[in-house]
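Let's take a friendly walk through a protein together. Have the sequence and the 3D view ready, and look things up as you read.

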Amino acid sequence: MKEKANEGEFRKKLTPEQYSVCRLGDTEPAFSGKYYKHKEKGMYVCVACGSNLFSSGTKFESGTGWPSFYDVATKGNVKTGDDYGFGVHRIEVKCVKCGSHLGHVFDDGPKPTGKRYCINSAALDFKPNIERH
Ligand SMILES: [Zn+2]
C-alpha cells in the first residue's frame with residue numbers, strides 16, 4: 001500500500017511506539033502508558049497534531065490500565081468508526097484532524113454519557129491548565 005504524503009513526517013515526529021499506535025492502529029500494553037494514572041487538570045491533545053481531544057474533567061478510573069474518559073472535549077475533533085480487527089467488532093476512535101488511531105469506545109462507561117473512551121497514552125500529549133479551548 002502506498003503511504004500517504006504525510007506519513008514520513010509522522011514517522012520523524014513520533015516515537016516508534018507512538019507511530020505504531022497512532023498510524024498503524026496498535027494498542028499499548030495495559031498499565032504501561034504514562035497517562036492511565038495521571039490526575040492533573042488539563043487537556044489531553046493528539047500527540048501527532050495537537051488537536052484538543054479529551055479533558056481531565058471527564059477522565060475516570062476504569063481499572064483497565066488505559067486512560068479512560070466518558071466524553072470528548074470538543075465535538076468534531078474525534079470521530080468513530082467500525083473496527084473488525086482480531087475478529088471482534090469494536091468502535092475505533094480517531095483524531096479527525098490527522099486521522100491518527102487513538103483507541104476504542106465502549107458502552108460501559110459512567111453517567112452521564114455511559115461511554116468509555118479507552119485511549120492509548122501513546123496517542124496523547126498533555127497540556128496542563130487548559131480544560132476548554
Ligand atoms: Zn491528530
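In which loop is Phe31 found? Phe31 sits in the loop between helix H2 (16–22) and strand E1 (42–46). Keep in mind that you are looking at a predicted model. Phe31 has a phi near 60°, a positive value in a residue other than glycine. With a relative accessible area of 48%, Phe31 falls below the 50% that "exposed" requires, so it counts as partly exposed.

Now step back to the whole chain. The protein chain holds two helices and nine strands. Reading from the N terminus, the order of the elements is α-α-β-β-β-β-β-β-β-β-β. The radius of gyration is 14 Å, close to the 14 Å from the globule rule for 133 residues, so the protein chain is as compact as a globular protein of that length. Along the principal axes, the C-alpha atoms fill a box of roughly 40 × 35 × 30 Å. Of the 133 residues, 44% count as buried. The accessible surface is about 7,500 Å², and carbon and sulfur atoms account for 53% of it. Among contacts between residues at least 6 apart in sequence, 54% join residues at least 24 apart.

Next, find the sheet. Six strands build an open sheet in the order E3-E4-E8-E7-E6-E5, with antiparallel pairing. Strand E3 (59–60) and E5 stand at the edges with a single partner strand each, so one side of each has no neighbour in the sheet. What holds such strands together? Strands of a sheet pair through backbone hydrogen bonds, either parallel or antiparallel.

Let's follow this sheet inward from its E5 edge. Strand E5 (residues 78–83) pairs with strand E6 (residues 90–95) in the antiparallel sense, over six bridges. Within this pair, Asp82 stands opposite Ile91 in E6. E5 and E6 form a hairpin with six residues between them. Phe86 lies in the loop between these two strands. Like Phe31, Phe86 is a residue other than glycine with a positive phi near 60°. Is Phe86 buried or exposed? Its relative accessible area is 80%, so Phe86 is exposed.

On the other side of E6 comes strand E7 (residues 101–106). Four bridges join E6 to E7, and the two run antiparallel. Here Val93 has Gly103 in E7 as its bridge partner. E6 and E7 also form a hairpin, this time with five residues between them. In that turn, Gly99 has a positive phi of about 80°. After E7, look into the loop that leads to strand E8 (116–119), where you will find Pro112. A cis peptide bond joins Lys111 and Pro112, with omega about 5°.

Our last stop is the zinc ion. Which residues are its protein donors? They are Cys46, Cys49, Cys95 and Cys98, each through its SG atom, at 2.3 to 2.4 Å from the zinc ion. In sequence, these donor residues are spaced C-x2-C-x45-C-x2-C. Why is the arrangement called tetrahedral? The angles between the four donor atoms run from 102 to 116°, and this makes the arrangement tetrahedral. For four tetrahedral donors, the ideal angle at a metal is 109.5 degrees. Cys46 has a relative accessible area of 1%, so this donor is buried.

Notes:
Residues are numbered from 1 along each chain as its sequence is written. This is a predicted model: local features need pLDDT of at least 70, side-chain atom pairs count only at pLDDT 80 or more; totals for chains, interfaces and linings use all residues. Side-chain values use heavy atoms; hydrogens and water are left out. Donors are N, O and S atoms within 2.8 Å of the metal (3.2 Å for Na, K and Ca); water is not among the atoms, so sites may look incomplete. Four donors count as tetrahedral if all angles lie between 85 and 135 degrees; four count as square planar and six as octahedral if opposite donors are over 155 degrees apart and all others between 65 and 115; anything else is irregular. Buried means under 20% relative accessible area, exposed over 50%, partly exposed in between (1.4 Å probe, protein chains only). Two strands pair if DSSP finds at least two bridges between them. The radius of gyration is taken over C-alpha atoms; the globule rule is 2.2 Å times the number of residues to the power 0.38. Contact means heavy atoms within 4.5 Å. Accessible areas come from the Shrake-Rupley method with a 1.4 Å probe; for residues, only the protein chains shown count as cover.
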